[in-house]
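This report takes up the aromatic side chains of one protein model and the charged groups that accompany them.

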Amino acid sequence: MIENTRQKQKYIQVAEKIADKLCTSAYWHDLRCNWIGKSTEETMPMITTTYNKALSSEVYDGTSGIGLFLSNLYIHKKNDNYYRTSEGAINQALSQVDNIPNNSRFGFYSGILGVIYVAIEIGKNLKNNILIETGLNHLEKLYRDLNNEHLLDIISGNASGIPILLILYNFFKDERMLELAILLGNDLIDKAIKESYGWSWDSISNGVISCSNNLTGFSHGSAGMGYSLLELYHKTKEIKFLDSAGNAFSYENYWFNKEKNNWPDFRTDERNPNTNVTYAVTWCHGAPGIGLSRIRANCILKEEKYLVDSKAAIDTSSKILTLLVDSTFDRNNAYDFSLCHGISGICETILYANKIFKENSYQSIIDKVGNFGIENYMISGAKWPCGIKEGETPGLMLGLSGIGNFYLQLYDPTIINPLILLPE
């Protein structure tokens, strides 16, 4: 027990050290703050660093995501700098929220609804009612704007907007939140590409430049759509949402490769469309993200097929993590430590699995990953490898804030997991 307490203290110390760095590196103007970060341009299947720039409002790699991490840490460490900088970060995000493309308005990671939700969460964490009211005022605009063009996926569209609205509905009991979630779910059903072996969605229209088939996976593919529709079923008990979720998962399982114990990543390099199919092992594409959807499906439906899928994803995720942290440390390793497509994001699946299945082997892997980061980056002083080509960046999904939030979750598993939003 004493050793476990010591281990957890190490984890929150990492979160604090990252938070302190974020606080001291912020640029301030009045009651708002921002950071200089790396801008990335995705050229499938590679991610290429382009240039430094001031951050946007977005949760994915903007100021709202940084504010969320700092406010989560403030719950445990009542540091005035964490409070002030979290508040400054979300003030900046709210001041620029109208600059987010309107077709992303319902998305969590790269959308307007994500900034609104984070403003409300930060307001709750900091006990700041003004932020909560500001978030709700911005939400009023979205109720009136369903029909204009919008994306559908987890990153920017309906699939992440639905669980956010359900979380907000559970807290505020405003029927309009539930009604909008249902409208977004019906919209997903209407726009699905329905085939005999399952349902998928047009990946190119959801921001993927080039692909050989509609995508599997959590960020842009059927796993994210299925999880979202399943959450709607869980709340409303409407069978159409259950059936549509099952069809989304069936599409992915049609392509499941038993030898790889994984689902294919159908993204291609637009310069070479004949690129061979790969099998990613990240949150955004491949087993870890798909695993989150299936663990949740198993929790809700208690069906053997989802338990089988969960175990496959957990096994594949565990093997790559064990390989990465047990091998001779190599700074040129292909995996970074970010949430989106790095080590901490893969480990989030094991964290969730441990929470549900409570197997000792999962906690062992989690601690190996946690100690790997501490020994190779915190203690050594080396830069944390972020989800960019080189150097560090402050944001949530690609950078330091996400790594900090991951270590905070190792300290307190009840802290929000930004990789799967769970209405409870």
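What follows treats ring pairs, burial, a cluster and charges over rings in turn.

The model is predicted, and it holds 24 aromatic pairs. One of these joins tyrosine 74 and tyrosine 83, whose rings meet edge-to-face, with 5.3 Å centre to centre and 70 degrees between the planes. The pair formed by phenylalanine 108 and tyrosine 109 is likewise edge-to-face, at 4.6 Å centre to centre and with 75 degrees between the planes. Both arrangements count as edge-to-face because the planes are over 60 degrees apart.

The relative accessible areas of the four residues in these two pairs are set out below.

| Residue | Relative accessible area | Class |
|---|---|---|
| Tyrosine 74 | 13% | buried |
| Tyrosine 83 | 22% | partly exposed |
| Phenylalanine 108 | 0% | buried |
| Tyrosine 109 | 2% | buried |

Tyrosine 74, at 13% relative accessibility, is classed as buried because its value is under 20%, whereas tyrosine 83, at 22%, is partly exposed because its value lies between 20% and 50%. In the other pair, phenylalanine 108 is buried at 0%, and its partner tyrosine 109 is buried at 2%.

Beyond individual pairs, one aromatic cluster is formed by Tyr11, Phe337, Phe372, Tyr377, Trp384, Phe406 and Tyr407.

Two tryptophan rings also carry a charged group over them: the charged end of arginine 84 sits over the ring of tryptophan 28, at 3.9 Å from its centre, and lysine 194 lies over the face of tryptophan 199, at 4.9 Å from the ring centre.

How values were computed. Residues numbered from 1 in each chain as written. Predicted model: local features only at pLDDT ≥ 70, side-chain atom pairs only at ≥ 80, totals over all residues. Heavy atoms only, no water. Phe/Tyr/Trp six-rings, centres within 6.5 Å; stacked < 30°, edge-to-face > 60°. Buried < 20%, exposed > 50% of the residue type's maximum accessible area, 1.4 Å probe, protein only. Lys NZ or Arg CZ within 6 Å of the ring centre and 35° of its normal.
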